[in-house]
Amino acid sequence: MSLRLSTVILPYVRWHEGGRSAWERAEQLGFHTAFTYDHLSWRSFRDGPWFGAVPTLTAAAAVTDRIRLGTLVTSPNFRHPVTLAKELISLDDISGGRITLGIGAGGTGFDATALGQEPWTPRERADRFGEFVPLLDRLLTEDSVTYEGTHYSAHEARNIPGCVQRPRLPFAVAATGPRGLKLAARHGQAWVTTGDPKLYETGTPEESLQALRAQTEKLADACAAVGRDVAELDKVLLTGFTPDRGRPLQSLDAFVDFAGRHAELGFTDIVIHWPIPDSDFAADEKVFEQIALEAPAQLG
């Protein structure tokens, strides 16, 4: 299978001031999927414009026809499975079945406290994620769900007619720890990683490759433990968070080399950030478009 190339469009631009055109251009460039972050705000963008993921994806679905759309990633930090399921079913319907849900346990950033709660510990995040994903799975595949859990409940939650995609829209589960990898093995159609965050500042690209190789091996073990072939899962690398940083987007050759080395580890999808001037995701737009148009053929 050819390596697929996708992009992430951060929702920091007003729709009628460039937001819409980015999504339309992403489809024209032939990206497999265009994702957006599902945050209330994010890092250095906190004090500037930032728009909601679901309305943004709804608008994107209305101005595109072929490209897949999704979150990368949604988390329990400010979401509840019952309300999220209703939004996802609606979004899948509006898009004609083009939605992928990237989903993760969340972190300790702004989303973790925006609703007034104390940040959850890593264990609490894992506990909540362990309930969140299976319940969301049920809500997207069953007409009526009643569930009473430690962290989440549903009482006769109805989701008729369900997703356009059957049995439901695909989950791309972001995980590196044992509990998250188990969820990916049980419920995921894809697995997502950004690499090993401990290597971002001082690690080398070779150390990053070794860490990613170890992660893929742990994913294979998690799949084997539940009787699933790891080959059934797509393996998605969200770039920009490894020691390579922005170097792969400096030229077509640099990207093809980077993507090829990761394809050898079994990755099926590489996701690159839409260029944002004066940010960690700054890149030459002409080179970015050349990569989008020419790299897939070289990596096929």
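## Packing of H7 and H8

Helices H7 and H8 are oblique to each other (neither under 35 degrees, over 145 degrees, nor from 65 to 115 degrees). Their axes, lines fitted to C-alpha atoms over the stretch in contact, with angles from 0 to 180 degrees between N-to-C directions, lie 9 Å apart at an angle of about 45 degrees, H7 covering residues 252-263 and H8 residues 285-299. Helices are DSSP runs (H or I, at least four residues), and strands are E runs of at least two.

In H7, Leu252, Phe255, Val256, Ala259 and Gly260 meet residues of H8, including Val287, Ile291 and Leu299, where contact means heavy atoms within 4.5 Å. The residues of this contact comprise eight nonpolar, three polar and one charged; Gly counts as polar, and Asp, Glu, Lys and Arg as charged.

## Basis of the model

This is a predicted model, in which local features need pLDDT of at least 70 and side-chain atom pairs pLDDT 80 or more, while totals for chains, interfaces and linings use all residues. Residues are numbered from 1 along each chain, and side-chain values use heavy atoms, without hydrogens and water.

## Helix H4

Helix H4 (residues 122-141) has 20 residues and an expected span of 28 Å, taken as 1.5 Å times one less than the number of residues; its end C-alpha atoms are 29 Å apart, which agrees.

Among the buried residues of H4 are Arg125, Arg128, Glu131 and Asp137 (buried: under 20% relative accessible area; exposed: over 50%; 1.4 Å probe). Their cover includes helices H3 and H5 and strands S4, S5, S6 and S7.

## Arg43

Arg43 lies in the loop between strand S2 and helix H2 and is exposed, at 53% relative accessible area. Beyond four places in sequence, Arg43 contacts Phe110 and Phe241.
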